[in-house]
Amino acid sequence: MPPATPTLCPYCGTGCGLSVEVEGGRVTRVAGDPRHPVNRGRTCRKPAELGSAVHAADRATSPLLRGGADVPFTEASWDDALGHVAGELRRIVAAHGPGAVAFYGSGQLLTEDYYAATKLARAVLGTNNVDSNSRLCMCSAVAGYTGAFGADGPPPAYADLALADCLLLLGSNAAACHPIVWGRIRDRQAEGATVVVADPRRTPTAEAADLHLPVRPGTDLPLLNAMLHVIAADGLLDEPFIARHTSGFEAALEVARAWTPARAAEACGVPAADIVRAAELFAGAGAAMALWSMGANQSTVGTLKNRALINLCLATGNLGRPGCGPLSLTGQPNAMGGREVGGLAHLLPGYRRVDDDAARAEVARAWGVPSLPATPGLTATELVEALEDGRVRAVLVAATNPVVSLPDGGRVRAALERAELLVVQDCHHPTETSALAHAVLPAAAWPEKEGTMTSSERRVGLVRKLLDPPGEARPDWAIYAGLGRALGQGPAFAWSSPAEVYDEYAALTAGRPCDVSGLSHERLRREGSVQWPAPAVPGDEGTTRLYANGRVATGDGRARFAPTPHAGLADPVGEDHPLVLTSGRLADQWHTMSRTGKSKALLASAREPVLAIHPADVPEVADGDRVRVVSRRGEVVLRAALDPSLPRGVAFAPFHFGALHAPAGAGQLNALTADAVDPVSKQPELKAVAVRVQPAGAGPARRSD
């Protein structure tokens, strides 16, 4: 049997360790690493099937170029491909300015990849149009943490799950989406901790909870405000903590006072007695944690939901102590690393803001350039509008599939088709997005490159290179470095290894909230993983939890409460669209299925998308019938799965299936979604879409504008 090598899982942001065996140039076995502190040998089904994706027939192996969408691709050398892309970028910048170029990355890139991309965009091309699909999953959490604590970053760690007495989960089907975290929660529940789950559906997570709160989509804020109302009215506040360590409590409480349990019950569909019980369980626990994921974040009020959850923690003194605090569950393996390195339109490395003069000057000095652009760039959804009106002419996409994942997918496709230059770096081709490209650059996959990732608990670990990439494929950081050299900036991109890229980045974090100046590839290879902050101080072993002394990163050291007023759905139900469609993941699938869709074993449990819906909402439909789901923007055809456990008026469908994986004629779920965004985090509303459902044979649906 070949020896196994430890590495990290490239799926959700849990940061599990894997043990991988390779023989004859192929991945032969993947299992959980029993020595890794996060999962201790456990794993879900997806990593076990990674070999199917690594060795899939659709691996991109050579650079491809073409002059237009109606022209076939031709293979090119790397020199020719990067030279062509560089020439086109020069032409577009000369004619339209640096703002005409945009980079769109992914939480599946490694930190070194992200760093090379943001340096190329900002220091060489002079654009802050650098965003990623992390905008779709975690930006409301970023805004929530920053607003409350003065800096991004979850305060607690997974170790706190074993010390918590009450765990409140909202907008998270952790049993399916974060199964290793869920396993640790269940272990603690078996020891006596109470688990409360707020979710419209009776998911496996909700089924196992001690208390399930079936909150209607879009009404989390009435529920959370009512819980704060009860905590204050019943004398359960931690008043000494509030007085010593917080500000803004009265303004937050003023909003919460208006939400009595009775009023909240009418708005959100949760019995008033259960709201009271949830509040008392959370506030009465010796240590309580609030956990959430996309169900809280992907909303036009996603930041307010984050602040409301944090409000509950602050009001009860659940911060900085063992077993307590707010912990967002990250959706992608390196969404945290991307935030740290500047992979969002308003950020520079080390959680610096592009509109902070001093921070910008620090990075410019480190990069050896006179200045950096000062205006925040375009976010993911703003990029679509900028393509439509001609402000953006060139887009460089890496490790993501926005035609399937961004809201209003038909509009996204049409916008990308307008680009004068669309470059797609991916391990696989074609995808729904790379099929539109002018240049396809073949990227190394998960076991074919080395680099770092940061998990939901701020744990930095090392992904190991186990195989050579197929054909001419290269690591993403090396592709960006090659493009930098093609643009005449060789000295700035002279790295010979990803370890050198990381060292340059890590030095830029010294003294910052996400300080990793004490980390290196060598240390991570030796020690396994380390939680930041991990400054370059002898003997520093990393930091399990933040704010242990009660002081946070705000100017006065006090955590900030925030008022969290309720607002109606951005896409309201009406006579033509009387149902609310929510979406989410399946346990055995991942994002747009470019990896999991290659596994016959994983496809066996989910061969096509289905619509879960209460039987009374579609009395004319039988279980298994094909139905047409129509929103104000488009329609899809799905197979009905009647589910009497769903609340009336609520339907659910998985978002994974694009044109390459859904049955012919089914359509993509993102064709239904709107482009409404949270005004603070700029995160799109992806969870609540007003629809109507009719038998598939009822004829074409009319568009309702």
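**Exercise 1. Helix α12 and its surroundings**

Which residue follows α12, and what is the sign of its phi? Determine also which residues of α12 are buried and which are exposed.

*Solution.* The structure is a predicted model.

Step 1. The residue after α12 is G269, and its phi is positive, near 85 degrees.

Step 2. Helix α12 spans residues 261-268, and its buried residues are P261, A264, A265 and C268. These residues cover an arc of only 105 degrees around the axis, so they lie on the same side of α12.

Step 3. A262 and E266, on the other side of α12, are exposed.

Step 4. The cover over the buried residues of α12 includes α9 (220-233) and α13 (272-284).

**Exercise 2. The three-stranded sheet**

Establish the strand order of the open sheet that contains β1, β2 and β3, and state the pairing sense. Then explain why β1 and β3 each have one side without a neighbour in the sheet.

*Solution.*

Step 1. The order is β1-β2-β3, and the pairing is antiparallel.

Step 2. β1 (4-8) and β3 (26-32) are the edge strands; each has a single partner strand, and therefore one side of each lacks a neighbour in the sheet. From one strand to the next, the twist averages 35 degrees.

Step 3. Consider the pairing of β1 with β2. Strand β2 comprises residues 17-23 and is joined to β1 by five bridges in the antiparallel sense. Within this pair, E21 of β2 stands opposite A4.

Step 4. Consider next the pairing of β2 with β3. Six bridges link these two strands, again in the antiparallel sense. L18 has G32 in β3 as its bridge partner.

Step 5. The connection between β2 and β3 is a hairpin with two residues between the strands; G24, in the turn, has a positive phi of about 60 degrees.

**Exercise 3. The five-stranded sheet and its helices**

Derive the strand order of the open sheet of five strands, identify its edges, and locate helices α5 and α7 with respect to its strands.

*Solution.*

Step 1. The five strands follow the order β10-β9-β8-β12-β13 and pair in parallel.

Step 2. At the edges are β10 (211-213) and β13 (325-328), each of which pairs on one side only. On average, neighbouring strands of this sheet are turned by 15 degrees against each other, direction ignored.

Step 3. At the β10 edge, strand β9 (residues 194-198) runs parallel to β10 and is joined to β10 by three bridges. One bridge places V196 with its partner L211 in β10.

Step 4. Helix α5 (residues 139-149) packs on the sheet and touches β12 (288-292) and β13; the directions of α5 and β13 make an angle of about 155 degrees.

Step 5. Helix α7 (residues 179-190) lies across β8 (166-170), β9 and β12, and runs at about 145 degrees to β8.

**Exercise 4. Cysteines without a bond**

How many disulfides does the structure hold? Why is C16 not bonded to C9?

*Solution.*

Step 1. The number of disulfides is zero.

Step 2. The cysteine sulfur closest to that of C16 belongs to C9 and is 5.9 Å away, which is too far for a bond. The cut-off for a disulfide is a sulfur pair within 2.5 Å.

Step 3. C177 is likewise in no disulfide, with the nearest cysteine sulfur, that of C12, at 8.5 Å.

Step 4. As to burial, C16 is buried at 8% relative accessibility, and C177 is buried with a relative accessible area of 15%.

**Exercise 5. Environments of H438 and R626**

Decide whether H438 is buried or exposed, and describe the contacts of H438 and of R626.

*Solution.*

Step 1. H438 is located in the loop between β17 (421-426) and β18 (439-442). With a relative accessible area of 12%, H438 is buried, because the cut-off for burial is under 20%.

Step 2. Residues up to four places away in sequence being left out, the contacts of H438 include L64, R66, F73, A419 and L422.

Step 3. R626 belongs to strand β25 (residues 626-630) and is partly exposed at 29% relative accessibility.

Step 4. With the same exclusion of residues up to four places away, R626 touches, among others, E608, V637, R639, P663 and P695. The side chains of R626 and E608 are joined by a polar contact of 3.4 Å.

Step 5. R626 and D643 are 17 residues apart along the chain, and their C-alpha atoms are separated by 15 Å.

Technical notes
Residues numbered from 1 in each chain as written. Predicted model: local features only at pLDDT ≥ 70, side-chain atom pairs only at ≥ 80, totals over all residues. Heavy atoms only, no water. Pairing = 2+ DSSP bridges. Helix = DSSP H or I, 4+ residues; strand = E, 2+ residues; numbered from the N terminus. Axes fitted to C-alpha atoms, helices over the stretch in contact; angles between N-to-C directions. Buried < 20%, exposed > 50% of the residue type's maximum accessible area, 1.4 Å probe, protein only. Arc of directions from axis to C-beta. Contact = heavy atoms within 4.5 Å. Polar contact = N/O pair within 3.5 Å; in protein donor to acceptor, adjacent residues only side chain to side chain.
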